[in-house]
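Me: Could you take a close look at one helix in this model for me, and at what sits around it? I'd like one connected walk-through rather than a list.

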Amino acid sequence: MDMEQRVTESSLLASFSDYLEAQRLVDRMSDDGFPVESVRIVGEGVRTVEQVTGRMTRGRAAAMGAASGAWFGVLVGLLFGLFTAGAAWLWLLLISLVIGAFWGAVFGFVAHWSTRGQRDFSSVMTLQAQRYEVHVDKERAAQAARYVL
């Protein structure tokens, strides 16, 4: 049975305006031992929502690049640190952090500068749906109906 055929052979169990309500229904079914492998949560009317989190300046881009570069530097330092012992391990970690932060700041600054002001803000994009439908395979529809009564 292919995926498209499986989707068409389902029954609508319930519809919610909030994802958490749909999640709670499926969780309740799971807790009760219902075979939730036959259940799907389908988002209808999906749209993207971009929440602007602040102004992006060259300084902020450099700072964010430095932070991510520092984490990368720590990771590299920890990997190389596996082959060192004593105080050299700590120095290796610190030097890796500093080098990572420096190059992260440079790349963050250059990346933002190269956009020439076309996107001077930072944001987080999410997907949202107008409603969330809980579908169940037709074979289990009667058994699942008791969870929405």
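Reply: A63 sits in helix α3, so let's start there, keeping in mind that this is a predicted model. With a relative accessible area of 47%, A63 is partly exposed, because buried would need a value under 20% and exposed one over 50%.

Now for the helix as a whole. Helix α3 covers residues 58–81, which makes 24 residues. At 1.5 Å a residue these should span 34 Å, and the end C-alpha atoms are 33 Å apart, so the two values agree.

Which residues of α3 are buried? They are A61, A62, G65, A66, G69, A70, G73, V74, G77 and G81. The general helix rule is handy when you read that list: an α-helix has 3.6 residues a turn, so residues three or four places apart point the same way.

What covers those buried residues? The cover includes α4, residues 87–114. A63 also gives you a distance to check in space: A63 and F109 are 46 residues apart in sequence, yet their C-alpha atoms are 8.3 Å apart.

While we're at the partner helix, have a look at F102, which lies in α4. F102 counts as partly exposed, at 48% relative accessibility. It also belongs to a nonpolar surface patch of about 950 Å². The other residues making that patch are W91, L94, I95, L97, V98, I99, W103 and F107.

On the annotation side, an unreviewed UniProt entry lists residues 12–89 as "domain: General stress protein 17M-like". Over that stretch the chain is 51% helix and 26% strand, with its end C-alpha atoms 59 Å apart.

Moving on to the salt bridges, a search of the whole structure turns up four. In one of them, the side chains of R40 and D137 meet at 3.2 Å, N to O. R40 lies in strand β2 (residues 39–44) and D137 in strand β5 (residues 131–137), so this pair ties together parts that are 97 residues apart in sequence. Both R40 and D137 are buried.

Another salt bridge joins R119 and E50, with the closest N and O atoms 2.7 Å apart. Here R119 is in the loop between α4 and β4 (121–128), while E50 is in strand β3 (residues 47–55), so the parts tied together are 69 residues apart in sequence. R119 is partly exposed at 39% relative accessibility, and E50 is partly exposed at 34%.

R131 and E133 form a salt bridge as well, at 3.1 Å, N to O. In that pair R131 is partly exposed at 35%, whereas E133 is buried at 10%.

Note on methods:
Residues numbered from 1 in each chain as written. Predicted model: local features only at pLDDT ≥ 70, side-chain atom pairs only at ≥ 80, totals over all residues. Heavy atoms only, no water. Helix = DSSP H or I, 4+ residues; strand = E, 2+ residues; numbered from the N terminus. Expected span 1.5 Å × (residues − 1). Buried < 20%, exposed > 50% of the residue type's maximum accessible area, 1.4 Å probe, protein only. Contact = heavy atoms within 4.5 Å. Patch = residues over 30% accessible without salt bridge, like charges linked within 9 Å, V, L, I, M, F, W, Y side chains within 5 Å. Areas by Shrake-Rupley, 256 points an atom, 1.4 Å probe, with all protein chains shown as cover. UniProt positions renumbered as here; feature names shortened; annotations may be inferred.
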